[in-house]
Amino acid sequence: MSVNNYLIFPMHTRLLRLSALLILLGLPMFASGCGLPSLLRDTDADADASRTPGAVVPFTNVAGTALEDGFGIWNDRPGVVIFDYDRDGDLDFYVTQMAGHTNRLYRNNGDGTFSDVADAAGAALEDTHSTGAVACDVNNDGFQDLYVGAWGDPSDDLGFRSPQQGNLDALLINVGDGTFQDITAAAFGEQVNARSATGIACADVNGDGWLDLAVGNLMDQDFRHFEDLNHPGHYNLLYINNGNLTFTELAEAAGVRGPQIWMRHPDDEPVSYEDPDTGEAYEGYNPLTMDARGNRVGEPTGQTHAVLFFDYDDDRDPDLWVANDADRLHLYRNDSDASGIRFTSVGRGMGIDKAGAWMGFAVGDFDGDINLDVFVPNVGFHTLIQPPREIPRGTCEYFGRFATGTCSHFLLRNGGDGEFVDVAGSTMVAPSKWMPPISLNPATIHPGHQIPTGIAAYDFGFGATFFDYENDGDQDLYWFGSTMGRGGGPNGHIFPAAGRMMLGDGSGGFEDITVRARLLDIARVNYDGLEDDARARTDAAALQARGIDRMNHENGKGLAHGDLDGDGFVDLIATNSSGDIYIPGLPGAPPVTAPRTGPLFVWLNGNDGNHWLTLRLKGRMAVDGTGSNADGIGARVYLTAGGRAQVQEVRAGSSYLSMDSIDLEFGLADAENVEKIEIIWPSGRTQVIEDTPADRILDITEPAS
């Protein structure tokens, strides 16, 4: 190939061919940990946003410039936690990696850049296959600690009963001087989680002022099968805080470790296996499955992706929500009292325990009725393109046929008094002109399935979060994620999805603004001039040339929100799986694949209009050892500004593998003053603050009585 011929190729093609040439020559492709940096930046990151009325102000991905130590992650299931680890007033974040690569603790330098200080801070966990994580102050000293989940080597053909490397969760105590101390062994002893942590959440389960931990376990990746009748999982755990940096595991006694899965034949007969040693029958779990060392694989329960503590019935204690894959959605009511800790399964009685591919949770008042609603991402429309399956299996092509299952996202509207109804099918979405889901054409849905409608017609998601994108006082919704099965990497072919940003109208409807908001989970994308390019509105080829195509995406996983730059507008951080990337060969040479990091997206919100108020709560336990936990987790806040009421609740953990900042960000539209803030603390104390100016961060400490 001549130099002149090489130069006429588009930039991305030249880079791919250069990569192939370097690999064929045995030379390194790119700097370690950086993946394909020139392909992982939006090409018009500095473009000016339109400020015309009704225009969508875009986000800007600043990962390439803001993250001084790189933005490529080696992990199939990378989580992200946004928190102020050093209590200097700005938000930092933590990202998990697989063993052999240090986890990253990005310290906010306050100048638009972040530095990875994980090694110096003692939070690297280089020998651990880290997954989901959560930050909460378990010792009430005013500094958020880190619980970091893990699973075993995803390709060693071993289950958790066989000795493995890197599969133990870790508890890192924030010392308060910028460093963490690993107290895992002392805190949990023989009860340390060695299974397959994914979602983790904190809450004060028993009202004693100390934060407890729920750990959702998935399954050894080596044995996650969906095509046969055996669908084992791992029991979930509930760690109760003893108040002395030790924990007691009580999931089984409390009734939340997880029941057997729902695996039925078309005639509703269970798919049953018998344990030859005990004679016990299991539904959907074959106890004879062994790993490479002859140890039994899995446990007779579901595969949990996410857990959420959320007080659904407004009785001032945290209830537990559990999202399982190819199994039911579970809700456990907290019935703990002085006699002990116990939960009661109530999902079936509420009609929300349908089987699905449930991935995570987002909580927010999407319809403005001052009740908190719940969004639960599912597999989406993808399997509805395929014919229904007659033989039982762990995918939606089978269980989506029945009234007991669904492929669609849940949007559970809170009607008050503990009543939740799925309204996803009736929640209308104004579709994107640039990238509507193909399911909006009924002809794409196989005639054996019911045609999905509303937000239920949209595509797959892992991470999800509610937030007020433009600070107009109502909640907006973003979710993203995709998968391609074993191997990870970009362009997942099983559930192709590039993310969805839904702009709420305040009364229960949405508009899909994903493309205009520049929140596509696509590395090689060019938004330049999109609003002014009339041809791009209608010409699919022109859009594909820009990279705006649902098939051209990363493998999204973790998602969290927080105001990273302190301007009052909420920003987003998203993680993507690493894996192999396809590289075209040079003329006469075959194509090759090469390992590539998954990119982090750090999307800064471009809005600069509308007023706002951010609340940071401190529970009394951090002051004098009484009242609520130091983080104020579980506090319910009602705010009134400009005659409009809003509600939020402080939570730690819910989104897939990840955690939003515990700051409560309220958009105030044109209101320059907040008339009233009412806080119901977990201790039961009520606090009212009146006449607060807008556009500031307000620190609030729980009153003594």
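Cys136 and Cys202 are both buried, and in this predicted model the two residues form a disulfide, with their sulfur atoms 2.0 Å apart. The link of Cys136 and Cys202 is left-handed, with -50° about the S-S bond. Because Cys136 lies in strand E7 (residues 130–136) and Cys202 in strand E11 (residues 197–203), the pair ties together parts that are 66 residues apart in sequence.

A disulfide is a covalent bond between the sulfur atoms of two cysteines. The count for this protein comes to two disulfides, and when the bonded cysteines are counted along the chain, the pattern they follow is 1-2, 3-4. The table sets out the geometry of each link.

| Pair | Sulfur atoms apart | Angle about the S-S bond | Hand of the link |
|---|---|---|---|
| Cys136 and Cys202 | 2.0 Å | -50° | left-handed |
| Cys396 and Cys407 | 1.6 Å | -105° | left-handed |

In the second row of the table, Cys396 and Cys407 form a disulfide whose sulfur atoms are 1.6 Å apart. Since Cys396 lies in helix H8 and Cys407 in the loop between H8 and strand E23 (410–416), this pair ties together parts that are 11 residues apart in sequence. Cys396 counts as buried because its relative accessibility is 3%, under the 20% cut-off, and Cys407 counts as buried at 4% relative accessibility.

What is Thr383 in contact with, leaving aside its neighbours within four places in sequence? The residues are Cys396, Glu397, Cys407, His449 and Phe495, and among them Cys396 and Cys407 are the two that form a disulfide. Thr383 itself has its place in the loop between strand E22 (373–376) and helix H8 (396–399), and with a relative accessibility of 4% Thr383 counts as buried.

Turning to the protein as a whole, its secondary structure comes to 10 helices and 42 strands. Of its 705 residues, 61% count as buried, a group that includes Thr383 as well as Cys136 and Cys202. The protein exposes about 24900 Å², and carbon and sulfur atoms supply 50% of that area. Among the contacts between residues at least 6 apart in sequence, 62% join residues that are at least 24 apart.

Definitions and conventions: Residues are numbered from 1 along each chain as its sequence is written. This is a predicted model: local features need pLDDT of at least 70, side-chain atom pairs count only at pLDDT 80 or more; totals for chains, interfaces and linings use all residues. Side-chain values use heavy atoms; hydrogens and water are left out. Helices (H or I, at least four residues) and strands (E, at least two) are DSSP runs, numbered from the N terminus. Buried means under 20% relative accessible area, exposed over 50%, partly exposed in between (1.4 Å probe, protein chains only). Contact means heavy atoms within 4.5 Å. Accessible areas come from the Shrake-Rupley method with a 1.4 Å probe; for residues, only the protein chains shown count as cover. A disulfide is a pair of cysteine sulfur atoms within 2.5 Å.
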